[in-house]
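The report below goes through one protein model together with its ligand, taking up helix packing, the ligand shell, a sheet and some backbone angles in turn.

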Amino acid sequence: MSINYGLRGVVALESDISRIDGAKGILEYRGYNIHDLAQHSSFEEVVFLLLSGYLPTKSELTEFTIELAERRELPEKIIDVLCNLPTISYPTVILRTMYSYLGDLDDSIFMINPQESRRKAIDLIAKTPTIIAYYQNIREDKPLTHPNKNLGHAANFLWMLNGVEPDKIDERALDLDLILHAEHTLNASTFAARIAASTLSDMYAGVVSATGTLFGPLHGGASQKVIEMLRELKDKDTQEIEEWVENKLQAGERIMGFGHRVYKTMDPRVEELRNAAKQLDAVKSNNWLALSDELAEIVYRKKRIYSNVDFYATSIYANLGIPDDQFINMFIMGRIVGWIAHIMDQYQNNKLIRPLQKYVGEENRVFTHIDDR
Ligand code: COA
């Protein structure tokens, strides 16, 4: 019995949602190259593509954008709970809890046919930014800034978060970030979503499982660790950064925002995120990019590993004024689309996901009654 620890290299299923060529640094959603999507589409267009399998016409996109915008409002019961939760809680734990409660409020929670799945999908994608922004409003003791139907998905989130409409550069940077995070084959959180769906459990259960899985520092949790690291290194000179990296590597520690299970060359999303981070740095007179580039060069020189999607996304979030502990939720705001596309795919072609293990414990032990131990 051979074991592939971490399921490394194991092909678990077929899917036409996205494709990675880790050796060549290629990522495609539904056959479209990520660079084309990043440079020429909007998040709404990518959501349509991932859920429907094809690029929308102008009228389909307009209709879909309106539908998403109209579903942003939260049920009163969700707002009541949000207002009564501790303001010191971790925002991703709050988001996970609200996904679960949204399911509880859905009369059709257990219906998994394509029509019902699509309704739940739009609802979950549309409401995610509202949950995140409302909780942030509440933590900051500010009145709730309600969704604005006239703004796109990314712009509306920044509006709800800050109470002012973002400029085009900020809107575009977040829109791009959401596009780049939307889908990434069988990463750990998407796999968790598919495992839940493979038991024919409800879509909310799949999203809750995925949220919990993404939260870890080896997956989506890395983005918050990256900003903590950059803040720590901000005032160090090149030699001090070199020593810092050397010490980490010598101690066998991970440097957050670097390395990837599948990419063995540059992740194509990194280039797009870096460009957006550069533009934001220039506009906001910040220096995150120079520091990030310096660190990336040192880590590559010492360990031959590349930065990953969490690395430059961090500079974007910092430049947009998003609180550090909301970075993981930014990742989720994009990735929920991929989770849901996979959950719907799993329902359509279901096979219970249930691998084997190799037992390494003792066998045939003699049971002793509790009085005799
Ligand atoms: N910092 C330092 N060394 C790293 C590293 C990192 N971030 N990522 C990988 N490595 C090293 C490992 O120590 C190992 O070195 P070795 O061969 O000398 O022992 C080698 O690279 C292979 O790493 P491995 O753990 O087998 O890769 P993996 O596929 O299991 O792990 C990650 C992939 C993403 C979990 C890993 O790169 C990581 O922990 N990165 C930091 C967290 C992060 O940024 N996560 C977000 C991913 S998008």
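## Helix 15 and its cover

In this predicted model, the buried residues of helix 15 are covered by elements that include helix 8 (168-181), helix 11 (222-233), helix 13 (268-284), helix 14 (288-303) and helix 16 (327-348). Helix 15 itself spans residues 309-319, and because 11 of its 11 residues are buried, it is largely enclosed by the rest of the structure. The buried residues of helix 15 carry side chains of several kinds, among them Val309, Phe311 and Ile316, but also Asp310, Thr314 and Asn319. After helix 15 comes Gly321, a residue with a positive phi near 75 degrees.

## Ser223, a contact point on helix 15

One of the helices that cover helix 15 is helix 11, and Ser223 belongs to that helix. Is Ser223 buried or exposed? Its relative accessible area is 1%, and Ser223 is therefore classed as buried, the cut-off for that class being under 20%.

Once the neighbours within four places in sequence are set aside, Ser223 is in contact with Asp310, Thr314, Phe327 and Ile328. Two of these partners, Asp310 and Thr314, are buried residues of helix 15, while Phe327 and Ile328 fall within the range of helix 16 (327-348). The side chain of Ser223 also has a polar partner in the backbone, since one of its polar atoms lies 3.1 Å from the backbone oxygen of Gly220.

## The ligand and its shell

Around the ligand there are 19 residues, of which Arg254, Ile255, Gly257, Phe258 and Arg261 come nearest. By side-chain class, the shell holds eight nonpolar, five polar and six charged residues.

Which side chains place a polar atom 2.9 Å from an oxygen atom of the ligand? Arg8 does so through an N or O atom of its side chain, and Arg254, already named among the residues that come nearest, does so as well at 2.9 Å. For Asn308, a polar side-chain atom likewise lies 2.9 Å from an oxygen atom of the ligand. The ligand taken alone exposes 850 Å², and the protein buries 70% of that area.

## A three-stranded antiparallel sheet

Three strands make up an open sheet in the order 1-2-3, with antiparallel pairing. Strand 1 and strand 3 are the edge strands, each of them pairing on one side only.

Strand 1 (residues 18-21) is joined to strand 2 (residues 26-29) by four bridges in the antiparallel sense. Within this pairing, Asp21 has Ile26 as its bridge partner, and Arg19 is matched with Glu28. The two strands form a hairpin with four residues between them, and Gly25 in the turn takes a positive phi of about 70 degrees.

Strand 2 also runs antiparallel to strand 3 (residues 32-33), to which it is connected by two bridges; here Tyr29 stands opposite Tyr32. This second hairpin has two residues between its strands, and Arg30 in the turn has a positive phi of about 50 degrees.

## Positive phi at Ser285 and Asn364

Ser285 is not a glycine, yet its phi is positive at about 55 degrees. The residue sits in the loop between helix 13 and helix 14, both of which are listed among the elements covering helix 15. With a relative accessible area of 66%, Ser285 is above the 50% cut-off and is therefore exposed.

Asn364, likewise not a glycine, has a positive phi of about 50 degrees. Its place is in the segment after helix 16. Is Asn364 buried or exposed? The relative accessible area of Asn364 is 76%, so this residue is exposed, as that class begins over 50%.

Technical notes: Residues numbered from 1 in each chain as written. Predicted model: local features only at pLDDT ≥ 70, side-chain atom pairs only at ≥ 80, totals over all residues. Heavy atoms only, no water. Near = heavy atom within 4 Å. Polar contact = N/O pair within 3.5 Å; in protein donor to acceptor, adjacent residues only side chain to side chain. Areas by Shrake-Rupley, 256 points an atom, 1.4 Å probe, with all protein chains shown as cover. Nonpolar A, V, L, I, M, F, W, Y, C, P; charged D, E, K, R; others polar. Pairing = 2+ DSSP bridges. Buried < 20%, exposed > 50% of the residue type's maximum accessible area, 1.4 Å probe, protein only. Contact = heavy atoms within 4.5 Å.
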